[in-house]
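Subject: Structure handover

Hello,

I am passing this structure on to you, with notes on what was found in it. Please look at the model first and then read on.

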Amino acid sequence: MHPKLTKAWKALPEQFRRELHTKLFSRTGIYFLSRSRNSQRYNRDPANFAGNIQQVKDTYIAEKRGSNEVNQNTERRFLDIIDNLVMKNGVTRSTFKGRSSQIVSSVLNKYTLDKREISVLDIPSSTGSASLGIREEIEKRYAVGSYILADLCFDIYYDKKRECVFDDEGNLLQVKFKRRFVTINRAHRCGLEHTRFVGIVLFPAQVWSWFLKKKYKFTGFDRYQHIRLTHPDVDTLLDDKYFELKKLDVFKPIEGKFDLIISFNLLMRRYFDDTLIKLGIQNLGRALKEGGLLVIGEDLGVTFSVFTSRGGQLMEIGRETQRPDHWLLYQP
Ligand SMILES: C[S@@+](CC[C@H](N)C(=O)[O-])C[C@H]1O[C@@H](n2cnc3c(N)ncnc32)[C@H](O)[C@@H]1O
């Protein structure tokens, strides 16, 4: 927004701004469109093409090995590439170190587990960067017996010849051209703000994606460079068995039982409708041990719900939100 407009907007009373934002901008899709215009501009930078991830990871590792210090630009490049990666269901890979640690810390101060050693499921973990800080918070209070980083997808495949990237099921994610690259899946396309109006406005982009999917067909994993989407700092910890990776879909039954389940920035209205969000919560609830804790949240303001399992039933025991318009009031 123009700085003068931003200033005038901020001068309005907060309650009025919130109402206007929800009813006029958010629910109509205008807000979504204004943001996607910005991100499309950002998207075009070929430096943020996902095929570059391995090269950035190698630079990161070399810098760390050389001086034990990583250039800020290298970390930034990794973040930007990950930020631009949109999965088939419209969920972005965006994540960063320190994200959600504060919320997890305050939840663990308030709610305790009746155990010394616990098992943890962190879903979705994306690159695992945010999990580094979350695990530190947990270890201040408990011994960690196992810590699973789970996500729908951990691997992508880079076709160097045609300059395009596929996910681990062969779905096209990005195509690079000389001066820009194209993201095939629109971020948040199943979310609250992606209205019919948005669908109409962005129809030409959809046709373009459809055409690219027809043209850039997947021809086999062995032909492409395999790239693991985990952060280089997490890779070393995986080798040491500090973390374990598991491919899981939150909307399908989850194997195993855990004392603590953390789920940030996935089960929210920006990505899914209420029915799917509830299904995700039920699945996570079934994977919770008796007396365990399930923390679901997003980092827009401080927003989270805490659940426990009593007598096999999932119960919400705490909730905080600064974004009620965005946040589903759960009734599992
Ligand atoms: C915005 S990132 C959030 C990562 C991390 N929890 C955080 O807060 O920084 C969302 C992640 O959800 C993953 N994801 C999307 N759909 C999923 C599903 N159905 N089951 C599990 N993970 C999924 C994406 O691959 C992506 O890595």
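**The seven-stranded sheet**

L121 stands opposite I261 in β9. The strands concerned are β1 (residues 117–122) and β9 (residues 258–264), which run parallel and are joined by 3 bridges. Two strands count as paired if DSSP finds at least two bridges between them. Helices (H or I, at least four residues) and strands (E, at least two) are DSSP runs, numbered from the N terminus.

Before going further, two notes on the source. This is a predicted model, in which local features need pLDDT of at least 70 and side-chain atom pairs count only at pLDDT 80 or more, while totals for chains, interfaces and linings use all residues. Residues are numbered from 1 along each chain as its sequence is written.

β1 and β9 belong to an open sheet of 7 strands in the order β8-β2-β1-β9-β10-β11-β12, with mixed pairing. At its edges stand β8 (244–247) and β12 (313–320); each has a single partner strand, so one side of each is left without a neighbour in the sheet. On average, neighbouring strands of this sheet are turned by 20° against each other, direction ignored. For such angles, axes are lines fitted to C-alpha atoms (for helices over the stretch in contact), and angles run from 0 to 180 degrees between N-to-C directions.

**The chain as a whole**

The chain has 11 helices and 12 strands. Of its 332 residues, 36% count as buried. A residue is buried if 20 or more other C-beta atoms lie within 10 Å of its own, exposed if 12 or fewer, and partly exposed in between, with C-beta atoms placed from the backbone. Among contacts between residues at least 6 apart in sequence, 70% join residues at least 24 apart. A contact here means that the C-beta atoms of two residues, placed from the backbone, lie within 7 Å.

**Cores and helix α7**

The largest nonpolar core has 42 residues, of which V120, L260, I261, I262, L284, L294 and V295 touch the most other members. Such a core is a set of buried Ala, Val, Leu, Ile, Met, Phe, Trp, Tyr and Cys residues joined through C-beta atoms within 7 Å. At least two residues of this core come from each of α6, β1, α7, β2, β9, α11 (274–286), β10 (288–298) and β11 (303–310). L284 is in contact with V250, I254, I261, S263 and L294, leaving aside its neighbours within four places in sequence. Another core, of 27 residues, lies apart from it; I82, F154, I156 and Y224 are among its members.

In helix α7 (residues 129–139), the buried residues are S129, A130, S131, I134, R135 and I138. Their cover includes α6 (101–110), β1, β2 (143–151), α10 (232–239) and β9.

**The five-stranded sheet**

A second set of strands, 5 in number, forms an open antiparallel sheet in the order β6-β5-β4-β3-β7. Here β6 (181–183) and β7 are at the edges with a single partner strand each, so one side of each is left without a neighbour in the sheet. The average turn between neighbouring strands of this sheet is 25°, direction ignored.

Taking the pairs from the β7 edge:

- β3 (residues 155–159) pairs with β7 (residues 225–228) over 4 bridges in the antiparallel sense, and D155 stands opposite R228.
- β3 and β4 (residues 164–166) are joined by 3 bridges, with Y158 opposite V165. Their hairpin has 4 residues between the strands, and E163 takes a positive phi near 55° there.
- β4 and β5 (residues 172–176) are also joined by 3 bridges; C164 has V175 as its bridge partner, and F166 stands opposite L172. In this hairpin, with 5 residues between the strands, G170 takes a positive phi near 85°.
- β5 and β6 pair over 3 bridges, V175 having V182 as its partner in β6. A hairpin of 4 residues joins these strands.

β5 is mostly covered, with 4 of its 5 residues buried.

V182 also leads to a distant part of the sequence: its C-alpha atom is 9.6 Å from that of D45, although the two are 137 residues apart along the chain. D45 lies in the loop between α3 (30–43) and α4 (53–67). It counts as partly exposed because it has 14 C-beta neighbours inside 10 Å.

**The ligand**

Which residues are closest to the ligand? They are T95, P124, S126, L152 and N265, out of 24 that surround the ligand. A residue is near a molecule or strand if its C-beta atom, placed from the backbone, lies within 6 Å of it. By class, this shell has 12 nonpolar, 8 polar and 4 charged residues. Ala, Val, Leu, Ile, Met, Phe, Trp, Tyr, Cys and Pro count as nonpolar, Asp, Glu, Lys and Arg as charged, and the others, Gly among them, as polar.

Regards
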